[in-house]
Amino acid sequence: MSRHAHDAYDTHESHEGVGGGARRSLAVIGAGPAGLAAALAAAVRGSRVTLIDAGAQAGGQFYRQPAEELGARRPQALHHQWRTWERLRDGLATQIATGRVTHLTDHHVWCVERLDLDEATGFLVHALHGPAQEEPSVVRADAVVLATGAYEKVLPFPGWTLPGVITAGGAQAMLKGGLVLQGRTAVVAGTGPLLLPVAAGLASAGAEVAALVESAGVHHVARHARALSAHPDKLVEGAGYVAELMRRRVPLKARHAIVEAQGDGALEAVTVAALDRDGRVTPGSEQVIRCDTLAVGHGLLPHTDLAETLGCRLEGPAVAVDDEQRTDVHGVWAAGEATGVGGAALSLAEGHIAGCSATARLAGREPDPRAWNAAAKSRARGRDFIASLDAVFAPRAHWAEQVTDATVVCRCEEVPASAIREAVGELGATDARTVKLLTRAGMGWCQGRMCGPAVAGLTGCEPRPSRRPFARPVPLGVLARAGEDLPDE
Ligand SMILES: Cc1cc2nc3c(=O)[nH]c(=O)nc-3n(C[C@H](O)[C@H](O)[C@H](O)COP(=O)(O)OP(=O)(O)OC[C@H]3O[C@@H](n4cnc5c(N)ncnc54)[C@H](O)[C@@H]3O)c2cc1C
């Protein structure tokens, strides 16, 4: 997002005046760019906001901060758009100091419950906190903004469970949050715009990046060049990463894919192959690259668990929202990557709109969309750009052909590809849910978040959001006591 657009979003006092309506309460779940923008927009307009996040600090994925005890002297070295972060961080501190925002860190929300009793309406946000994430905590609110972001999609290949193979976002998180590099020599691979900042970040932090392997080809970019060129700021950002990689002599391998990770107990090398125009491996093109880290990712998927338990309608994999970022459930807004993966600038714009709209509606007013003109323009530009990117960076076709029968697909339940192929070929399963019942793929700790797209791909069906009753595992004791005591407000 341009500096101009950021500056249009107020993070401090509002010209509308604080307390210009009843001080109704808003729970914002997620303190990434979307949640922060929503919380600040709502607080400066008079809402009482509780910002709830699983992280120890605000920032989400894009503005992930190093742990305080590490004492980082120049955390901005690992970041982009630092000035925007400073505005959000300072705005949050101001609103906390004035008591308009309460920030609950280390709070993992497992369920949002809609209250529909005669004497109580609104929502109960149930969270777990404490070192073991077992202590229950309940926040009561009149309305909710879901700003829970996205998680990474990873498709399996032989050797992907070896120590040393991590997700691209995981490598980024270790660097930004822990100031650590996982190894000395890294390969970054998969598809999507996230790979560029990850490779550039690892290289500038001192890792030898032996290759950036992207399954999309230059012809994919060329085909959408016109649409992409309508977003020069984004192209400049991408070109900056490419320039950084070239300066550090990182080989860029477009239209290539990882076909295998090898090692004896830990990653030692990867096999990379060229792809033909259909996305199939070109025989004889395989090349072995020695490395101790493979950072791999095939795009992002929206976090929709909380929205689903509330009964919000989804559109494809994302929460469906209207122009005000309202879901179809009364009192529930959604913003950022939960409503579709689109980057930090788009998340900021959506969060701002959600916060403005929620505050007006909580005060019983019809919101005036002119109040968020700049954000709406930024949102339109962002969505348009993302549509172009999605067309460029679709996960490659035929990836499943490289998945050997012995490859573990569901890591939690240790289900190999052979079991899924047997469920489909011999037992007649045609959808991922039947495969799950026949093989246990997706029944483990992560509840299919990791293996869901892979199971669907091997089954030959479209991945669908799997309706999970809770957003994360909950101790039975907490579950048994939930609802016994309603909080006072
Ligand atoms: C692993 C990863 C790394 C990324 N790295 C980059 C990058 O380097 N550059 C880039 O341009 N984009 C990156 N992205 C994309 C990035 O997510 C967006 O650009 C931007 O951060 C989205 O903002 P958001 O507010 O929608 O979500 P996020 O920034 O993801 O924030 C969501 C917040 O919600 C919280 N949350 C989610 N569920 C719960 C729950 N149940 N209870 C409590 N809190 C919850 C999370 O802790 C998080 O703080 C990354 C995405 C991922 C998944």
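**Buried glutamine, enclosed helices and nonpolar cores**

Gln-325 is buried, with a relative accessible area of 0%. The model is predicted. Gln-325 sits in the loop between strand 19 (318–319) and strand 20 (332–334). Its phi is positive, about 70°, although Gln-325 is not a glycine. A second glutamine, Gln-133, also has a positive phi, near 50°. Gln-133 belongs to the loop between strand 5 (121–129) and strand 6 (135–141). Gln-133 is partly exposed, with a relative accessible area of 31%. Buried means under 20%, so the 31% of Gln-133 falls outside that class.

The chain as a whole was examined next. It holds 15 helices and 22 strands. A compact globule of 489 residues would have a radius of gyration near 23 Å, and the chain agrees, with 23 Å. Along the principal axes, the C-alpha atoms fill a box of roughly 70 × 50 × 45 Å. Buried residues account for 50% of the 489 residues. Contacts between residues at least 6 apart in sequence were also sorted by separation, and 65% of them join residues at least 24 apart. The accessible surface comes to about 22100 Å², and carbon and sulfur atoms contribute 51% of it. The side chains include 49 positive and 55 negative ones. The centres of these two sets lie 6 Å apart.

The largest nonpolar core has 29 residues. Within it, Leu-26, Val-28, Val-49 and Leu-51 touch the most other members. Several elements each supply at least two residues of this core: strand 1 (25–29), helix 2 (33–44), strand 2 (48–52), helix 3 (82–97), strand 7 (143–146) and helix 10 (344–362). Helix 2 gives the most, with eight residues. Leu-51 shows how such a core residue is surrounded. Beyond its neighbours within four places in sequence, Leu-51 is in contact with residues including Val-28, Leu-36, Ala-39, Leu-92 and Val-101. Leu-104 is also one of its contacts. Apart from the largest core lies another, of 24 residues, and Leu-104 is among its members, as are Ile-29, Val-329 and Ala-338.

Two helices are largely enclosed by the rest of the structure. For helix 4, this is so because eight of its 11 residues are buried. Those residues are Ala-168, Gly-169, Ala-171, Gln-172, Ala-173, Leu-175, Lys-176 and Gly-177. Their cover includes strand 8 (150–152), strand 9 (165–167), helix 5 and strand 16. Just after helix 4, Leu-179 takes a positive phi of about 55°.

Helix 5 (residues 195–204) is largely enclosed too, because eight of its 10 residues are buried. Among them are Leu-195, Pro-197, Val-198 and Leu-202. The buried residues of helix 5 pack against helix 4 (168–178), strand 10 (185–190), strand 11 (208–214), helix 8 (232–247) and strand 16 (293–297). Gly-206 follows helix 5, with a positive phi near 115°.

Ala-419 lies in helix 12 (residues 417–425). Is Ala-419 buried or partly exposed? Its relative accessible area is 21%, and Ala-419 is partly exposed. Ala-419 and Asp-405 are 14 residues apart in sequence. In space, their C-alpha atoms are 8.0 Å apart.

How values were computed: Residues numbered from 1 in each chain as written. Predicted model: local features only at pLDDT ≥ 70, side-chain atom pairs only at ≥ 80, totals over all residues. Heavy atoms only, no water. Helix = DSSP H or I, 4+ residues; strand = E, 2+ residues; numbered from the N terminus. Rg over C-alpha atoms; globule rule 2.2 N^0.38 Å. Buried < 20%, exposed > 50% of the residue type's maximum accessible area, 1.4 Å probe, protein only. Contact = heavy atoms within 4.5 Å. Areas by Shrake-Rupley, 256 points an atom, 1.4 Å probe, with all protein chains shown as cover. Lys, Arg positive; Asp, Glu negative; His and termini not counted. Charge placed at Lys NZ, Arg CZ, Asp CG, Glu CD. Core = buried A, V, L, I, M, F, W, Y, C linked by side-chain atoms within 4.5 Å.
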